[in-house]
Protein chains: 2
Amino acid sequence: MAERESDRSVSQTVRAQLSLRDLILSGDLRPGERISELQAVETTGASRTPVRMALVRLEEEGLLEAIPSGGFMVKTFSERDVIDSIELRGTLEGLAARFAAERGASSRDLEPLKRCLDEIDGVVRQDPISVDAFSSYVALNARLHAMLTELSRSPPLIRQVDRASALPFASPSGFVMTQSTLPDARDTLMIAQDQHRVVIDAIENREGARAEAIMREHARVAARNLRLVLQKKTHFDLLPGLALIRMAGE
Amino acid sequence: MAERESDRSVSQTVRAQLSLRDLILSGDLRPGERISELQAVETTGASRTPVRMALVRLEEEGLLEAIPSGGFMVKTFSERDVIDSIELRGTLEGLAARFAAERGASSRDLEPLKRCLDEIDGVVRQDPISVDAFSSYVALNARLHAMLTELSRSPPLIRQVDRASALPFASPSGFVMTQSTLPDARDTLMIAQDQHRVVIDAIENREGARAEAIMREHARVAARNLRLVLQKKTHFDLLPGLALIRMAGE
DNA sequence: TGGACACTACATGTATACAATATCCGGCAA
DNA sequence: TTGCCGGATATTGTATACATGTAGTGTCCA
């Protein structure tokens, strides 16, 4: 992976973390494989201290698992693990939406979300949707989800949602790119966008239970896409991290 | 704090982490205060490398906050933060209970929980309840909650519940000791224990929604106790970590 | 007298040397 | 042939020296 110019300015620890994360998510480091510090030192260019730091952070992130006797290995996930992670993220986002509704969000607070909503409408309106448009959707979707979580105004909750979304296949935008090749891709996006609209409406009207339920169901769209992708066993390249999923028989 | 004999066998990193955690929770290190590595090296006896390791882990644990320019400071929590953390923990435990109910738990699985339930009954039956009995309750309660979470059979969820319970004031047994001095202490324990019984019954009968709702409500008992404790501004010593809570006016 | 700049001191980020320990392989004995 | 023991090797855990950047303080100039 080519070193980006911006990497120069940041710390070795961060650089090592980014570099190792890429290696793990791309599947270059196999699931279950032990990560040798010395080897990581060679590939990242940093010395052992920042590499160790990066390994600890990647463990907390959920990508690595500590080996009892020392060191780390790449974590493997079952299909069930992934589905549970998505459900978990949806539950936390649901809680955030409920908090937002119960605590009230002024029209000033909601204005940027509605603008984001409109932008997504612009993307989804085209038929068929171009690959570029899918990319735009991913970015806008991520922004909308981040803003919805922020609306809870609960730092502890925001923190946990971020952690739950750290795994790429559990993140709100994880499976968007993978579904871009599916025949009913646009329909799915329309449905998801409708859920966006409904949850904001619910928050505006202080309907906590409704907002929570919708966000939970919204996450399950991703779970559905996961199943489709795993069935087809294709487009694995569109979502980094899919290499970490161990299928039932393996 | 006296070093325990068992500390000898574990790594310097873990030793430093335990030592620093105690220092933070006891309030010896003030909220907002920057933690100097050198100072930490002196107090813990370990060298800088394991100390830094411990600091990173304590940040992930939620006790420390990274300073943009480098280093860490002790995190401060508002009353709202604490209440949200409890609600968060309850929500996750609720999800675990729902999973347990939906996925089914055999009577073999439930047997140890019921035994634990009986043991708690034995503790709660006495009137008045001794301080020792409160301690027993804390241990049994922690075990029961751990077993309930395990019943979800979802490693990602178990992981998140553990993280959410890491903050002492968010943990299931956090406020039990603080309420030991309250006049209606026994009644509260009885109510909590009844919720334990109900949630296990719900899981047994595969009533997912009911199990989830009860676990959420169960956590709110802790939130009530928090408010009582903060009102009285007493018994701060009974729950380490209470020193981290900054009251509204401060 | 106030502000800005420079210098100093100190704290953190990084690299590396050293120590302890786990793992692996080979040989020996049952 | 299999299991166990022991040593060699490699890997991680720890300590410390060095580099770099930040913050604080004092002085000088306007």
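A base oxygen of DNA strand D sits 2.9 Å from an N or O atom in the side chain of Arg48(A). That is a polar contact (a pair of N or O atoms within 3.5 Å; within protein, one must be able to donate a hydrogen and the other to accept it, and residues adjacent in sequence count only if both atoms are side-chain atoms). This is a predicted model, in which local features need pLDDT of at least 70, side-chain atom pairs count only at pLDDT 80 or more, and totals for chains, interfaces and linings use all residues. Residues are numbered from 1 along each chain as its sequence is written, chains are lettered from A and ligands numbered from 1 in the order in which they are written, and side-chain values use heavy atoms, with hydrogens and water left out.

**DNA strand D**

- Thr49(B) has a side-chain N or O atom 2.8 Å from a base nitrogen of DNA strand D.
- Thr13(B) places a polar side-chain atom 2.9 Å from a phosphate oxygen of DNA strand D.
- Two or more residues each come from strand E1 (34–35) and helix H3 (48–61) of chain A, and from helix H1 (12–25) and helix H3 (48–61) of chain B.
- Helices (H or I, at least four residues) and strands (E, at least two) are DSSP runs, numbered from the N terminus.
- H3(B) gives the largest share of this surface, three residues.
- There are 17 residues around DNA strand D (near means a heavy atom within 4 Å), and Arg48(A), Arg52(A), Gln12(B), Ser47(B) and Thr49(B) come nearest.
- Of the DNA strand D atoms within 4 Å of the protein, 54% belong to sugar or phosphate, and the rest belong to bases.

**The two copies**

- A turn of 180 degrees and a shift of 0.0 Å along the axis lay chain B on chain A with an RMSD of 0.0 Å (least squares on the C-alpha atoms of residues with pLDDT of at least 70 in both).
- The two copies are therefore related as by a two-fold rotation axis.
- Both copies use the same surface: 100% of the contact residues of chain B recur in chain A (contact means heavy atoms within 4.5 Å).

**Helix H2 of chain B**

- Glu37(B), Ala40(B) and Thr44(B) are the buried residues of helix H2 (residues 37–44) of chain B (buried means under 20% relative accessible area, exposed over 50%, partly exposed in between, with a 1.4 Å probe and protein chains only).
- They cover an arc of only 55 degrees around the axis (taken from the directions from the helix axis to the C-beta atoms), so they lie on the same side of H2(B).
- Leu38(B) and Glu42(B) are exposed, on the face of H2(B) turned away from its buried side.
- Just after H2(B), Gly45(B) has a positive phi of about 90 degrees.
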